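Work through the following exercises with the sequence and the model side by side, and try each task before reading the solution beneath it.

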Amino acid sequence: MSESSEPSVVENVVNSLTDKFHELPASLQTTEEPPAPPIRHRLFNRQRSLHEILGGGKSADVLLWREKYLTGGILFGATLAWLLFEKSGYTLLTIVANVLLVLVVVLFIWSNAAVFLHRSPPPIPELELSEDMVASFASVLREEINKALAVAHDIALGKDFRLFVKVAAVLWGLSIVGGWFHFLTLIYLCIVIAHTLPVIYDKYEDNIDNYAKVAVEHANKHYRKLDAAFFSRFSRASVKEKKAQ
């Protein structure tokens, strides 16, 4: 009798303790917290999504192929125009002038024929630039030009040797690329790249960010070595010369 009652007493004690534990407030219960999500390293330490960086509107949808027909039409039109310029032998000015000539003649004949046939004239909207649009564009353009002039001023006066090396490297790279392609082909390649690289990055974002993080770390490591060995010494020497003068 005593042996059979002993397990029942133990079970009652355990059940009562379990019930009291569940009756405690959530702050007093010791539960394991879920593991924190892994830290995701984004390219250039960005905080916004790629769609927001690209503008977040219709243009971002086109670049990310969310408007497939429109994006495909742009690429098809750019490819057709590039082939037309490449194979026809005409220059940009010649083709633009011929297209405008045909357009003006067609619209002129259409408008006059509509009067005689008592039909509606061609639906041509009024083309006009508002003052706000021109002022906004001019303001943005002025800021960008002033930034470029400030950089050119600092380089010309030898104030920032690192900036001088960066600008010289970019200009040297552009001169090499310009030797490979002429201007029209370069514009076409830029259009193709703008409509392919963003969607590839958006699809394989995590993998690209991981590889880019490793590449940036290696690049910064080599840059620090180069900076310590050459750039810093040159900058200190130039500062001493200016103080001596």
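**Exercise 1. A nonpolar patch**

Does leucine 100 count as buried, partly exposed or exposed, or, put as a task, which of these classes fits leucine 100? Place the residue in its helix and then in its surroundings on the surface.

Solution. The model is a predicted one, and every value below is computed from it. Begin with the position in the chain: leucine 100 belongs to helix H5, which covers residues 92-116. Next take the relative accessibility, which is 48% for leucine 100, so that the residue counts as partly exposed. The class follows because partly exposed covers the range between 20% and 50%. Finally, turn to the surroundings: leucine 100 joins Leu92, Val96 and Leu103 in a nonpolar surface patch, and together the four have about 350 Å² of accessible area.

**Exercise 2. Salt bridges**

Find how many salt bridges the whole structure contains, and describe each pair by its distance and its exposure.

Solution. A search of the whole structure gives three salt bridges. As background, side chains of opposite charge can pair when their charged atoms come close.

- Step one: glutamate 67 pairs with lysine 58, with 3.5 Å between the closest N and O atoms. Glutamate 67 has a relative accessible area of 30% and is therefore partly exposed.
- Step two: lysine 147 pairs with glutamate 144, and here the closest N and O atoms are 4.0 Å apart. Both residues lie in helix H6 (residues 131-156), where a spacing of three residues corresponds to about one turn of the helix. Lysine 147 is exposed at 51%, whereas glutamate 144 is partly exposed at 45%.
- Step three: glutamate 217 pairs with lysine 213, the closest N and O atoms being 2.7 Å apart. These two residues are separated by about one helical turn because they stand four residues apart in helix H10 (residues 205-244). Glutamate 217 is partly exposed at 42%, and lysine 213 is partly exposed at 30%.

**Exercise 3. A negative patch**

Identify which residues form the negative surface patch, and classify glutamate 131 by its accessibility.

Solution. The negative surface patch consists of Glu126, Glu128, Glu131 and Asp132. Of these, glutamate 131 can be placed in helix H6. Its relative accessibility is 72%, so glutamate 131 counts as exposed.

**Exercise 4. A loop histidine**

Decide whether histidine 195 is buried or exposed, and list the residues with which histidine 195 is in contact beyond its sequence neighbours.

Solution. First locate the residue: histidine 195 sits in the loop that runs between helix H8 (183-194) and helix H9 (197-203). Its relative accessible area is 8%, and histidine 195 is therefore buried, given that buried means under 20%. Then set aside the neighbours within four places in sequence, which leaves contacts of histidine 195 with Val62, Leu63, Trp65, Thr71, Ile74 and Leu75.

**Exercise 5. The whole chain**

Summarise the secondary structure, burial, contacts and accessible surface of the protein.

Solution. The protein has 10 helices and zero strands, and its pattern along the sequence reads α-α-α-α-α-α-α-α-α-α. Burial comes next: 12% of the 245 residues count as buried. Among the contacts with a separation of 6 or more, 52% are between residues 24 or more positions apart. Lastly, the protein exposes about 20,500 Å², of which carbon and sulfur atoms supply 67%.

How values were computed. Residues numbered from 1 in each chain as written. Predicted model: local features only at pLDDT ≥ 70, side-chain atom pairs only at ≥ 80, totals over all residues. Heavy atoms only, no water. Salt bridge = Lys/Arg side-chain N within 4 Å of Asp/Glu carboxyl O. Buried < 20%, exposed > 50% of the residue type's maximum accessible area, 1.4 Å probe, protein only. Patch = residues over 30% accessible without salt bridge, like charges linked within 9 Å, V, L, I, M, F, W, Y side chains within 5 Å. Areas by Shrake-Rupley, 256 points an atom, 1.4 Å probe, with all protein chains shown as cover. Lys, Arg positive; Asp, Glu negative; His and termini not counted. Charge placed at Lys NZ, Arg CZ, Asp CG, Glu CD. Contact = heavy atoms within 4.5 Å.
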